[in-house]
Amino acid sequence: MGDYFQTIVDLDAGEDEAPRLAQRVVDWLVAEGIVLAEREDCVLGQPLGHPPGPHWERAAAEDDADWEPTDGLAVHTGRTVFDGGQDAPEAVTCPRCATTTPLDADPHDLVPDDADGSDQEHPGTAGDGVWPRFVAAITDWRRTGAAAVDCPACAQPVPLPEWVWADDCFAVGHLGFEFWNWPEFTPRFRTRIAELLDGHRTAYVWGKL
Ligand SMILES: [Zn+2]
């Protein structure tokens with residue numbers, strides 16, 4: 001066994017607006033009966049969270065309706081790195097040129113995104129591995145709230161929050177809703193949350209401890 005979590009991260013919320021947006025989403029979740037208003041000891045890594053409410057299934061896929069959530073919702077506000085909890089991310093995609101870069105592989109082995117059908121290569125654009133650059137950027141972002149990584153393929157500096165991570169395993173932001181040991185959410189639920197967040201871009205980070 002283990003503990004699973006799924007987190008909806010607001011990628012666009014600034015530090016100042018995160019508490020207000022957090023409250024709006026929690027108010028809606030409570031009004032729907034998805035979580036309870038009062039907080040208790042029901043999440044990992046935080047002292048208090050919102051336990052599941054009587055209508056938790058409004059968030060979950062029908063197939064999972066016999067898997068009842070056992071733990072609660074932790075709301076993170078402030079500068080936070082959200083990751084899958086176990087391994088380093090395997091790959092990351094540049095939002096400018098759509099090239100996917102494997103993070104543990106030789107930097108010459110860039111994999112073009114097949115969505116655009118191109119098979120261009122970008123040899124010799126990186127010398128010393130890509131993952132260490134991201135590690136440095138994550139450190140900077142934690143400290144200052146801003147960091148960019150030059151894309152190994154198109155050489156543009158891309159702000160850390162704009163990179164697209166493989167397998168929903170990583171995001172940075174100022175607001176995240178982390179549900180512990182809940183069934184998988186429906187796309188409709190995730191869309192509703194994004195609407196409540198003023199239509200901000202969101203990431204959906206899965207993890208296991
Ligand atoms: Zn690029």
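## Exercises: a zinc site and an aromatic cluster

The zinc ion in this predicted model has a tetrahedral site, with angles of 103 to 117° among its four donor atoms.

**Exercise 1.** Find the protein donors of the zinc ion and work out how they are spaced in sequence.

*Solution.* Start at the metal: the SG atoms of Cys94, Cys97, Cys151 and Cys154 lie 2.3 to 2.4 Å from the zinc ion. Next, read along the chain, where the donor residues follow the pattern C-x2-C-x53-C-x2-C. To see why the site counts as tetrahedral, recall that all angles among four donors must lie between 85 and 135 degrees; here they run from 103 to 117°.

**Exercise 2.** Decide whether Cys94 is buried or partly exposed, and do likewise for Cys97.

*Solution.* The cut-off for buried is under 20% relative accessible area. Cys94 has 2% relative accessibility, so this residue is buried. Cys97 has a relative accessible area of 25% and is therefore partly exposed.

**Exercise 3.** Classify the ring pairs that Phe179 makes with Trp182 and with Phe189.

*Solution.* The model holds 12 aromatic pairs. In one of them, the ring centres of Phe179 and Trp182 are 5.0 Å apart with planes at 70°, so this pair is edge-to-face. Now turn to Phe179 and Phe189: with 6.3 Å between centres and 80° between planes, their pair is edge-to-face. Place these two on the fold: Phe179 sits in strand β8 (residues 170–180) and Phe189 in helix α3 (residues 187–196), so their pair ties together parts 10 residues apart in sequence. Both Phe179 and Phe189 are buried.

**Exercise 4.** Which residues form one aromatic cluster with Phe179?

*Solution.* Trp28, Trp182, Phe185, Phe189, Tyr204 and Trp206 join Phe179 in the cluster. Then look at Tyr204: Arg190 lies over the face of its ring, 3.7 Å from the centre.

Notes. Residues are numbered from 1 along each chain as its sequence is written. This is a predicted model: local features need pLDDT of at least 70, side-chain atom pairs count only at pLDDT 80 or more; totals for chains, interfaces and linings use all residues. Side-chain values use heavy atoms; hydrogens and water are left out. Donors are N, O and S atoms within 2.8 Å of the metal (3.2 Å for Na, K and Ca); water is not among the atoms, so sites may look incomplete. Four donors count as tetrahedral if all angles lie between 85 and 135 degrees; four count as square planar and six as octahedral if opposite donors are over 155 degrees apart and all others between 65 and 115; anything else is irregular. Buried means under 20% relative accessible area, exposed over 50%, partly exposed in between (1.4 Å probe, protein chains only). Rings of Phe, Tyr and Trp (its six-membered ring) pair if their centres lie within 6.5 Å; planes under 30 degrees apart count as stacked, over 60 as edge-to-face and the rest as tilted. Helices (H or I, at least four residues) and strands (E, at least two) are DSSP runs, numbered from the N terminus. A charge sits over a ring if NZ of Lys or CZ of Arg is within 6 Å of the ring centre and within 35 degrees of the ring normal.
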